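Biologist: Could you take me through some parts of this chain, and explain each term as we reach it?

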Amino acid sequence: MPFWVTAGDGYRFRYIDLPEALRDATINCATADRAGLLWFFSSSGLHRYDGNQLLTFNQVSRPAITGNFINTIFADSRDRIWIGTRTGLTRFDLRRWQTQTIGLPQEQELYVTEICESRNGDIYLGTNDGRLLRVKGNGLELVADLARNFPSKPSRGAISFLQETGQGRLVVVSNGRLLCVSPDGTVQDPGLRERVTGPVYCQGKDEVLLNIAGKGLHSYNLETRRLRLLPAPFNDTLNSGKREFLFSLPGGETGFLVNKRGLFSYNPATGQVTERMKGLDVDLAGLRASDVRTSGNKVYISLSKSIAELEAVQTPFANLLVNPFELAMNSVRSILLHPNGLLYAGTYSNGFVSINERTGEKKVLGNIFVYASLLWDEKKLLLATEGDGLQWYHIAENRFERIVGDTLHTRPEDRATDLYYTSLLRENDSIVWVGGYNGVFRINPASGRSAYLRAGKDWPRLQRSKVYGILNAGKLRYFATIAGLFSWEPSTGRLQRLTDVPMYQVQQFGRELWAGTNGRGLLILDEKGAVIRELNTENGLAGNAVYFILRQGNEVVAGTDHGLSVIQLQTRQISNYTRMHNLPSNEFNHSSTCVAGGRIYLGTINGITTFRMEDLQRFRRQASIPLHFTGFSFSNGDGAAEHVYTLPYQKPEQLEIAAGVEYFSLRFGGIDAAANQAYYYRTRTDAPWLEIGRQREMSFAGLAPGRYNIQLAARLNGSTSYTTLLAVPLIVHPAWYQTWWFKVLCGMGLLLCGWLFFRYRMQQVLREQKLRTKIAGDLHDEVGSSLTRIYFQADHLSMRHQDKAALQKIADSSKHALSTMSDMVWSIDARFDTAADLVTRMRDYLSNLQNDLDIKCIFELEGDYMARPLSQSVRQNFFLIFKEATNNAARYSSEPCIKVQLAFQKHICLRVTNSCTGVNGKMKQYQGGRGMEQMRLRAARMKGRLEAEKKDNDFVLLLEIPA
């Protein structure tokens, strides 16, 4: 595996992280379709990978392909994948998501080895027996039989290369022989008598680039038949069994990927070969590279167990010491550029190394971990290590020398980490400040004499702290530690802790201190440690852990845990850069910086990135991520899952969710390195963004019917705002019971039911009123007349008969029965169901009571009652309570006077008052009894309340019922 990868001259190399299911598979023919999704095959079938989901197609999949013995695949310009196998050809229409087997008539054998597309869209294929075929509709037609024209053994003229030239003819390599075939089938021998091995590349109309067995890479003109050896610095490796591949590069150049040498390009206009990526130490032979294909601005290299990507990028960053495998990163802790031109770096993976930027050569100098380094003089470096103490490194001798000093602590727990140092600062020609796991001290490296700061109440805390950064600020020294920021004044020896915020580095800009913290971003402090301003992710910083700070002119460069931030000192405007802009990693290391020769070198957890500020200022940052909606899944009415994978090719105007679908999901993906982001989505433009993290699927359950606009966004460049990456309209169709017309019908049905119920109740009421009126009339006419006759007969007889008292009793009983019957008839007669009739009846009753008993009845009336209706039940029970109450009041009153008050407000209130005292203020008689219980029962039937109490010398009965 390569130890370092560069993005020089606009190219970047990386390995694509494939799913776990392919760890043991052999990868072949990796290519990309027009949507940028990756296609390749293995022994288990054909695969599509979108950076998130892997789809596999074989003989039993839906759709199915001809067989798993695939020789080659080709993605054409009309969203079709052509699959050439040992048993035939399969056409995979990505827009329809359908496959179709295309074969020869009469069951002829078809062993496909090569597939290409002409400029007019025709698909050509070559076979292992030398036949050149063209797809016509759903069949194949023979263009040329090269085995018949140029017979050879034992491979029968197998076609190993097929491509159209600028003249519209096909260049074919058949059994190592270069041939040209016109569209009408005419075969021409261009006269090359050399055996062609490996890939061929057609450059322009007549020129082809090819590898002649044992002789290197050549250019051959098909018209002039001129053969020319390319002036390439890599031809010295061709005879040593190493591999090279040819492919197109943006700008019309041809690319050459040479085993263990790197990337080169050939310019046909100048005939020059240029090295594009120095030191690309990729063992193509050891990794069994089998195929290289170009798609857009990317080149895909099929390796035995993985896929590598070579991409043309626009970036100001060049990267060193990068491990393309993200799970095996190469963390860099120290960087130093020596005047001799070598770059010295302390790494976790390789120890202490030197790099020649001009040649790309890397050399491991020692198996020690260097955390900080100082250029002492041209002959030696001072190194602070983790575990090996302070070291001299003698450059010319490539020798390390341990500095033995008197820095050991007295406590045993401190001695274990006494040789772990993290920061260096040169005070003068002989004294160096050293920060480590156990505080900070000064040392003379030549003599080994050292001194710890042991003054003030804060020195024990400093001694127990890990010191990340040391700053010489004139009269003061500042120490950035895990326990906060400390200041020390040499003139007075005063040491104090200014803040307890964990810090990685502190720098002084004017009168301000800029401190990189662990979790609070950048703190801008005054000289006394008071916070003036904070810069963090809330106001645009890339991350809240800031490992280093550099000032370059009017800008400050800050390395964080989520990218690189560049801050304008005057405006505080922040620009952020991440892996999207070709950084090797988004996370930097503390104090791993170097500025020399106009370049900035920064250490990350996966190598070094280097750039110039003027290049960074001119750079136009990428504004989006190449993504597509790649899958749409939902559950149908039977509970089975349905999947749609045509979204990247059909570009639907909107997605539709059928009625009854309770759950569906929308997948998105892209194999670009920048796709490793945290994503957000929303369903309406006025809704808040919801975070889904780094997963590339949005799931919805129970989404209400209606129209939506699904939007996918990310916070690019560490911005606080959201950048919309994808959007698609969505319609959720309602079920029949959720449609507007069903709701209207339901409303109309409810109205109809209400109207019918009202009609029914009206008819019931009318029938009841009619029946009540009839009963009242019958009672009045039949029973009333009979009782009246009895009354008059008994009264008449009482004047003549000897038993006058008995007859008078009959007459009184008849008269009482007539009165009771009259009340009953009145209470059930529907014509009197109003409050006005109740008041009239009460007036009549009081008048009769006053005449019969010779007492005074006072009737007070309040409120509007003329138009107020009363039900038969209320009218009857209210009147009977009134009768009982007035009768009791008349019977038990100590004075011949009763008072009746009737009020019609929110409630109907009846108050009957009578005097209840006799001689010497005692009650005349007991008032209440069983009659009171009966009245309470009648009040309960009307949902009212009845109370009776003695107030002073009066007995008051109160009835209150709802209006």
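Modeller: One sheet makes a good beginning, in a model that is predicted, where local features need pLDDT of at least 70, side-chain atom pairs count only at pLDDT 80 or more, and totals for chains, interfaces and linings use all residues. Residues are numbered from 1 along each chain as its sequence is written, and side-chain values use heavy atoms, with hydrogens and water left out.

Biologist: In what order do the 4 strands of the open sheet lie?

Modeller: Strands are DSSP runs of E with at least two residues, numbered from the N terminus, and two of them pair if DSSP finds at least two bridges between them. The edge strands, each pairing on one side only, are β34 (370-375) and β37 (399-402). With antiparallel pairing throughout, the order is β34-β35-β36-β37.

Biologist: Which residue in β35 is the bridge partner of L374?

Modeller: β34 pairs with β35 (residues 380-385) in the antiparallel sense, over 5 bridges. Within β35, the partner of L374 is L382.

Biologist: Is S61 buried or exposed?

Modeller: S61 sits in the loop between β5 (54-57) and β6 (70-75). Buried means under 20% relative accessible area, exposed over 50%, and partly exposed in between, with a 1.4 Å probe and protein chains only. Because its relative accessibility is 16%, S61 counts as buried.

Biologist: How far does a polar atom of the side chain of S61 lie from the backbone nitrogen of N58?

Modeller: The residue concerned is the S61 of the loop between β5 and β6. From the backbone nitrogen of N58 to that side-chain polar atom, the distance is 2.9 Å.

Conventions
Polar contact = N/O pair within 3.5 Å; in protein donor to acceptor, adjacent residues only side chain to side chain.
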